[in-house]
Amino acid sequence: MDLRLASLGHGNVGRAVARMLADKADELLRGYDVWFRYTGLYTRSAGPEIMPEGMAPAQVVAAGLPMGDRLTGGSRPVSDALTFIRTCPADVVLELTTLNPQSGQPAIEHVRAALDAGKHVVTANKGPIAYAYRELRALAERQGVALRFESTVMDGTPIFSMVEASLPATVISGFRGLLNSTSNYVLDRMAKGHSLEVAIAGAQRLGVAEADPSNDLDGWDAAVKATVLANVLMGADIRPGDVAREGLGADAMRQRHGALLPGQALKQVVDAVHTVTGGVQAHVRLEALPPDDPFAHLSGNETALLLHTDTMQDLTLIEGQGDPGQTAFGVVADLVNIARGRGRDVPRPYYAV
Ligand SMILES: NC(=O)c1ccc[n+]([C@@H]2O[C@H](COP(=O)([O-])OP(=O)(O)OC[C@H]3O[C@@H](n4cnc5c(N)ncnc54)[C@H](OP(=O)(O)O)[C@@H]3O)[C@@H](O)[C@H]2O)c1
């Protein structure tokens, strides 16, 4: 099967996706009978590049952006992202633009336009799933196309595809996780004797933290991820602002770190439970974990998620040090699942409502 890709965003993740599709081209063809061509690329600064004949991932990797004269047989007939999405001759739109944690836009518009145009969507951007999952899922269902988003939480760790493929008829009644790698890294460095400022600078040098780490330290990133998990796995309909963020931020980290008892580990913990009224209540907070807590020994920027299920009791996934390569793997896994027909006929919701 030939799948034509139009990518919105071609930054760390977008480039890593092209590299992985190039590196794994043989395995994908031999194992899954699928090959990929890029027919469009769009970024904020480079604008649209449409290649009707398509370019192999390896050619895209070699060309970089903007392609300018290196654009083979391509053109720039459109100027805005929505026109690009509608007109680019693609089977799948990759939404790999920057997260807007306050509204999810303009990525929600991008995903809506792609589904409306009858194109499958794979997104690593949490915004559309956190702010508009029900609407977009219903639209995908009506259009008979796939909406897949494995890389929105814990990079490419197979959370959603594991639940979809391997936990039939399972009720997920709650979860607990360490989902923000910057906080995990900074708190781990503080536990090893570094000051908060030195720990943040180290995370920035490694590319784990943004220049402004407040979205991570104040719990916004974790709240957006908790929303995605609650809405997809637990049938909730909450927004990031509904997630209670308690006692977070740089000052709280310093204070709580200074008050730790011997053996305790300070972590930014996310959890969610069903309430007696049938809703879902999610929190992000700093917790002093005792040494026997399974999350107490996670180090560096490792992340983890524990699902409370009625079939497998507690299931825990731990991701070693994440990077854009692992995020790219989640996108590639979603693409393979589309090629294999998963999500094309949109199975019934696999969460319990
Ligand atoms: N990095 C990771 O490991 C990771 C892990 C999980 C999820 N994610 C998610 O994956 C997405 C991409 O992350 P990244 O690390 O690749 O970010 P990045 O390196 O900052 O790249 C973002 C890309 O999106 C483009 N872009 C931004 N706004 C746009 C718009 N309105 N229209 C068109 N293009 C736009 C940028 O274009 P310009 O460069 O021209 O501005 C750039 O090409 C984000 O939503 C992020 O939260 C990333």
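Me: A polar contact is a pair of N or O atoms within 3.5 Å. How far is an oxygen atom of the ligand from a polar backbone atom of Gly11?

Reply: This is a predicted model, where local features need pLDDT of at least 70, side-chain atom pairs count only at pLDDT 80 or more, and totals for chains, interfaces and linings use all residues. Numbering runs from 1 along each chain as its sequence is written, and side-chain values use heavy atoms, without hydrogens or water. The contact runs from a ligand oxygen to a polar backbone atom of Gly11, and the distance is 3.4 Å.

Me: What are the ligand oxygen distances to polar backbone atoms of His10 and Val13?

Reply: Backbone atoms serve again. For His10 the distance is 2.9 Å. For Val13 the distance is 2.8 Å.

Me: Which residues come nearest the ligand?

Reply: The shell around the ligand holds 22 residues (a heavy atom within 4 Å). By class, 11 of them are polar, seven nonpolar and four charged. Those that come nearest are His10, Asn12, Val13, Ser45 and Thr97.

Me: Which elements each supply at least two residues of the shell around the ligand?

Reply: Elements are DSSP runs numbered from the N terminus: helices (H or I, at least four residues) and strands (E, at least two). Two helices and a strand meet the mark: α1 (12–23), α13 (324–339) and β2 (35–43).

Me: How much space lies in the largest pocket?

Reply: A pocket is an open set of points on a 1 Å grid where a 1.4 Å probe fits, with protein on both sides within 12 Å along at least five of seven lines. The ligand takes up the space of the largest pocket. That pocket holds about 1600 Å³.

Me: Which residues of its lining lie nearest the centre of the largest pocket?

Reply: The lining of the largest pocket has 24 polar, 17 nonpolar and nine charged residues. It counts 50 residues (an atom within 4 Å of a point). Nearest the centre are Asn12, Val13, Thr98, Leu99 and Glu210. Two or more lining residues come from each of α1, β2, α8 (181–191), α10 (214–217), α11 (220–233) and α13, but the names asked for remain Asn12, Val13, Thr98, Leu99 and Glu210.

Me: Which element gives the largest share of the lining of the second largest pocket?

Reply: About 310 Å³ of space lies in the second largest pocket. Its lining has 17 residues, with Tyr32, Phe329, Val332, Ala333 and Val336 closest to the centre. Both α2 (25–32) and α13 supply at least two lining residues. The largest share, six residues, comes from α13.

Me: Where does Pro106 lie?

Reply: A cis peptide bond joins Gln105 and Pro106, with omega about 0°. Pro106 sits in the loop between β4 (92–95) and α5 (107–116).

Me: What is the phi of Met154?

Reply: Met154 belongs to the loop between β6 (147–148) and α7 (160–166). Met154 is not a glycine, yet its phi is positive, at about 55°.

Notes: A polar contact is a pair of N or O atoms within 3.5 Å; within protein, one must be able to donate a hydrogen and the other to accept it, and residues adjacent in sequence count only if both atoms are side-chain atoms. A molecule sits in a cavity or pocket if more than half of its atoms lie within 2 Å of its grid points. Ala, Val, Leu, Ile, Met, Phe, Trp, Tyr, Cys and Pro count as nonpolar, Asp, Glu, Lys and Arg as charged, and the others, Gly among them, as polar. Grid points are joined across faces, edges and corners, and a volume is the space filled by probe spheres set on the points.
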